[in-house]
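Reader: Hi! I would like to take a close look at a single part of this structure and see how it fits with its surroundings. Could you walk me through one helix, step by step?

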2 protein chains.
Amino acid sequence: MEKRCCGMRGLLTFLVLWIISRAPASGADVAREIEARRGKSPSPGTLYPVLKSLKEQGLVELKAGKYVLTHDGHEELTEARALFTAIFYDRDEICKGKGGAKAGRAKSA
Amino acid sequence: MEKRCCGMRGLLTFLVLWIISRAPASGADVAREIEARRGKSPSPGTLYPVLKSLKEQGLVELKAGKYVLTHDGHEELTEARALFTAIFYDRDEICKGKGGAKAGRAKSA
DNA sequence: TAACCGATATCGCAAATCCGATACCGACGG
DNA sequence: CCGTCGGTATCGGATTTGCGATATCGGTTA
């Protein structure tokens, strides 16, 4: 039962939005991308509800069998990235990179 | 209401571990750090159970009223960082939007 | 001593997150 | 025509996550 202390749970939606923003992708494409990054593919029962939710929120759109970000989707992603950056402004240390980066102040909407 | 699509949920434990690794901190210290990063402080009912769980897993230890990482804690953090990095290997793009994706300013959503 | 205050800690509850199983559909081969 | 296969999608349930309210404890002040 390995109670993983930091399973990175709750980032799936963010990750999906991020992946789609990089290139139009079908559900299966997204699944493959996630598997490549995280090591294992999410269940259909996990991925598709996320996609559906995103679509219902008007954040993504289905075009020619591929999901693409809408205007609102880009905005949402921008805000999410701001929060992400605010929380991990010292991400350089987290990733063992060299220091020196400074984070801008993030405002909350 | 406002079903935040990417609330960064599930990162609290990781964040707590990360904060403690940077400097010994009391529960209140951790709460203040999180508030500074995320904008709002977690409830006591959220933070202390996390601290307790971490302690029970032998990841952190209470020393002179301050929590500090144990050996296992450092190891766990190292693994978590590895996963974090693997998932967001293109974090530079996430944080800076390199490639000219400097979409307009944030709007009041 | 009593009242107060911040920090610490626990309890039950609501919501989110994720997964396994299952079903549907179009394309393909036997 | 029928079985198979990959992609899409839904349902129900189990686990995790976070919060509000509450209780305790040590130190300070009146």
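Author: Happy to help; what follows is a walk around helix α2 of chain A and then outward to its surroundings. Please keep in mind that this is a predicted model.

Let's start with the helix itself. α2(A) runs over residues 27–38 of chain A, which makes 12 residues. From its first C-alpha to its last it reaches 16 Å, close to the 16 Å expected at 1.5 Å a residue. After the helix comes G39(A), with a positive phi near 105°.

Which residues of α2(A) are buried? They are G27(A), V30(A), A31(A), I34(A) and R37(A). Viewed down the axis of α2(A), these buried residues fall within an arc of 130°, so they line one face of the helix. A general rule helps here: an α-helix has 3.6 residues a turn, so residues three or four places apart point the same way. The face of α2(A) turned away from the buried side carries R32(A) and A36(A), which are exposed.

What do the buried residues of α2(A) pack against? Within chain A, their partners are α1 (12–22), α3 (44–56) and β2 (66–69). Chain B takes part too, through its helix α4 (71–87).

Now let's turn to the DNA. α2 and α3 of chain A, together with α3 of chain B, each supply at least two residues of the surface near DNA strand D. The most comes from α3(A), with five residues. In total, 18 residues surround DNA strand D, and the closest are A28(A), Y48(A), S43(B), G45(B) and T46(B). Remember R32(A), on the exposed face of our helix? One of its polar side-chain atoms lies 3.4 Å from a phosphate oxygen of DNA strand D. Y48(A) has a side-chain N or O atom 2.9 Å from a phosphate oxygen of this strand, and for S43(B) the corresponding distance is 3.1 Å. Of the atoms of DNA strand D within 4 Å of the protein, 65% belong to sugar or phosphate, while the rest belong to bases.

DNA strand C is worth a look as well. Here α3 of chain A and both α2 (27–38) and α3 (44–56) of chain B each supply at least two residues of the nearby surface, and α3(B) gives the most, with five residues. Of the 18 residues around DNA strand C, the nearest are S43(A), G45(A), T46(A), A28(B) and Y48(B). Sugar and phosphate make up 64% of the atoms of DNA strand C that come within 4 Å of the protein. A backbone N or O atom of G10(A) lies 3.0 Å from a phosphate oxygen of DNA strand C. The side chain of K52(B) also places an N or O atom 3.0 Å from a phosphate oxygen of the strand, and for the side chain of Y67(B) the distance is 2.9 Å.

Finally, let's go back to the inside of the protein. The largest nonpolar core has 58 residues, and those touching the most other members are M8(A), V16(A), L17(A), M8(B), F14(B), V16(B) and L17(B). Take M8(B): not counting residues up to four places away in sequence, M8(B) touches L11(A), F14(A), A80(A), L83(A), F84(A) and I87(A).

How values were computed. Residues are numbered from 1 along each chain as its sequence is written. Chains are lettered from A and ligands numbered from 1 in the order in which they are written. This is a predicted model: local features need pLDDT of at least 70, side-chain atom pairs count only at pLDDT 80 or more; totals for chains, interfaces and linings use all residues. Side-chain values use heavy atoms; hydrogens and water are left out. Helices (H or I, at least four residues) and strands (E, at least two) are DSSP runs, numbered from the N terminus. The expected span of a helix is 1.5 Å times one less than its number of residues. Buried means under 20% relative accessible area, exposed over 50%, partly exposed in between (1.4 Å probe, protein chains only). The arc is that of the directions from the helix axis to the C-beta atoms. Contact means heavy atoms within 4.5 Å. A nonpolar core is a set of buried Ala, Val, Leu, Ile, Met, Phe, Trp, Tyr and Cys residues joined through side-chain atoms within 4.5 Å. A residue is near a molecule or strand if one of its heavy atoms lies within 4 Å of it. A polar contact is a pair of N or O atoms within 3.5 Å; within protein, one must be able to donate a hydrogen and the other to accept it, and residues adjacent in sequence count only if both atoms are side-chain atoms.
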